[in-house]
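Subject: Handover of a structure

Dear colleague,

Please find below the structure that I am handing over to you. My notes on what was found in it follow directly after.

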Amino acid sequence: MLEVRVRWVLLVVVAVANTGGLLVVLLMATFVVPDPPLENADQAHLVNALALFGYPIAAMPLALYIGFRLWLPVIRLVREGGVPDQQQRRAVLLGPLRVALVLGAGWMIGAIGWFVIDLMLFTPRLAVKVGLTAILGAMTTCTVVYLLSERLLRPAAALVLATERPRRIKLPGAITRVVLAWALGTAVPIFGLMCVGIAALAVPGIKATQLSITILGLGAVALLVGLPIIYIAIRAIADPIKSVRRGMAQVEKGDLDTEVEVYDASEIGQLQAGFNHMVAGLRENARLRDLFGRHVGEDVADLAFERDIELGGETREVAVLFVDIAGSTTLAETRAPDEVVVLLNLFFGVVVEAVNGHGGWINKFEGDAALAIFGAPAELEDPAGAALGAARDLAVRLTDEVPQLIAGIGVSAGPVVAGYIGAEQRFEYTVIGDPVNEAARLSDLAKVSPGRVLASGTVLELAHLAEADEWDVGKPVTLRGRSRQTRLATPRPRVIPEIASPDGGGRRRRLRRPRVRRGIRRAIRAPLSFPRTPPAEVTPLVVPEQPPAPTAVPPRPPQPRPADPPHPA
């Protein structure tokens, strides 16, 4: 479709432009500019009519041949595609200007020849008249052919400018286009009025009626022709600006994939290309921000963008969740590295979703472990309750979604220093404090405990009642590497739905917590015991009495019991 458009644009534009130029010359020479006194006016009109219509017929084939020669690189580009070379780029971008120059040269040759013919055969006044009207026709033709061909060749120009930004202005810019439109719509009629005034001064005897008709005709040309020409020129400037404005509206809505088609090598095209370059920079910034947020967490990324970064931190009350895989050494020894990576990605995916779902963020991944923070840098209303809820959900999801791995989950809470740690050249946002160490020790202990989840009693004291009621508190223990005892807390067993009985009834029961394994006692200094959950009351099953089934055999009569034998004396 584009190839057909490029092929026919030359023929249609050239035909329309030359037709418009001929009409201007014909109207100006016949009705607008009065003829000077002539001895043989009929012969002069016949000679000028033959020159007016004969020259375009003779010159049109040559003009089309030159135009097609200039148009071949454009046709080859739209047919073959690919990256345009320098010749194709110049042919597309300079095509409208070249066609206008070729037609202008042809019109100037015709005007000179027409002037010489009237000068030799008739009078100099008639030669001046036809020469000036031919110049007006040339101006009309060149302006129309440039404006129309530039608009119709926008798709081809877009192919060229898509591969390389316009570096400097190569075509007439916005000012030149407006000046051309003014010249055609305003300067040409005014120039005709000036010619009429010169003729009235040079030729005595021109009637007032003829002058009035001439002035009205030129005024009508200025009104009827000037408006469309100005409209075409303004549209050539307004359309690219509107496209940039629509693109800006899309960017304001958050669509950074929008692009504006660049089809102009002037300053208008530079505006379009500059917009695309700006949006590409915004896309790159958004991509870097997204990657930065994935590396350090969205909250930390927002903090880094909003405030100046300084080493150090501030004391915050936070909750810490630490999750660590049990048997990671055996896992790496018995499985291929790519399988280990797949399992770790699946494991950490569940961890991230569970932590984010409760308002926390992953501070760091440590090989086969992850550290999650609740309450810093973004504040939470109940960081302890959020960490406890995340721990319970995480334990259930890991059992269901990653049954190949066993992980211990530890939860602690308390004051920490949250801020940037490191050097000026390399630092990270993290938290430093005893709750982090305590959560890590709890996760080690949880690997060999029922449920795989342990929390400190401090977390339950800080959490809201709704979440604290979901946990049971056990005896205090001394964790490895710590001098103070930690009271352990475990999630309460989940309630199992009612189980239908054979008689249609149902009962509700709880999972009984298994006994503490001996491995726990060896892992801690003090003995560890978990409170037994009292069994739920079970409603006794009452079976209704059934009537005895009928039988055909009559009941046996009671037999007399034999007497006891006498004891020996």
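I begin with one of the spans along the chain. Residues 53–72 are 100% helix and 0% strand, and the C-alpha atoms at the two ends of this span are 29 Å apart. Please bear in mind throughout that the model is predicted. The span 53–72 is among those that UniProt, in an unreviewed entry, lists as "transmembrane region"; the full list is 9–33, 53–72, 93–117, 129–148, 178–203 and 215–238. Another of these, residues 129–148, is likewise 100% helix and 0% strand, with 29 Å between its end C-alpha atoms.

As to the whole protein, it contains 17 helices and 10 strands. It has 569 residues, of which 40% count as buried. The accessible surface comes to about 32800 Å², and carbon and sulfur atoms account for 61% of that area. Taking contacts between residues at least 6 apart in sequence, 71% join residues at least 24 apart.

Helix H8 deserves a separate paragraph. It covers residues 208–252, 45 residues in total, and extends 63 Å from its first C-alpha to its last, close to the 66 Å expected at 1.5 Å a residue. Within H8 there is a kink of about 30° at Gly226, shortly before the proline Pro228. Just after H8, Gly254 adopts a positive phi of about 100°.

Two buried residues show how helical parts of the chain meet. Asn18 belongs to helix H1, which covers residues 2–32. Asn18 counts as buried because its relative accessibility is 10%, under the 20% limit. Beyond its neighbours within four places in sequence, Asn18 is in contact with Met60, Leu103, Trp107 and Thr141.

Ala100 sits in helix H4, residues 95–121. With a relative accessible area of 6%, Ala100 is buried too. Its contacts, again leaving aside neighbours within four places in sequence, are Cys142, Val145 and Tyr146. Ala100 and Leu147 are 47 residues apart in sequence, while their C-alpha atoms are 9.4 Å apart in space.

Two details of the backbone should also be noted. Most residues other than glycine have a negative phi, and most peptide bonds are trans. The peptide bond from Ala376 to Pro377, however, is cis, with omega near -5°. Pro377 lies in the loop between strand S3 (369–374) and helix H13 (383–401). Arg452, a residue other than glycine, has a positive phi near 60°. Arg452 is located in the loop between helix H14 (434–446) and S6. At 27% relative accessibility, Arg452 counts as partly exposed.

Lastly, how confident is the prediction, as given by the average pLDDT of the protein? The average is 78, and 79% of the residues score at least 70. Among the elements, strand S6 (residues 453–456) has the highest mean pLDDT, 95, and helix H17 (residues 518–523) the lowest, 37. Over residues 499–569 the pLDDT stays under 50, and the model has 58 contacts beyond four places in sequence for this stretch.

Yours sincerely

Key: Residues numbered from 1 in each chain as written. Predicted model: local features only at pLDDT ≥ 70, side-chain atom pairs only at ≥ 80, totals over all residues. Heavy atoms only, no water. UniProt positions renumbered as here; feature names shortened; annotations may be inferred. Helix = DSSP H or I, 4+ residues; strand = E, 2+ residues; numbered from the N terminus. Expected span 1.5 Å × (residues − 1). Bend = angle between axes of the 7 residues up to and from the residue. Buried < 20%, exposed > 50% of the residue type's maximum accessible area, 1.4 Å probe, protein only. Contact = heavy atoms within 4.5 Å. Areas by Shrake-Rupley, 256 points an atom, 1.4 Å probe, with all protein chains shown as cover. pLDDT = per-residue confidence, 0-100.
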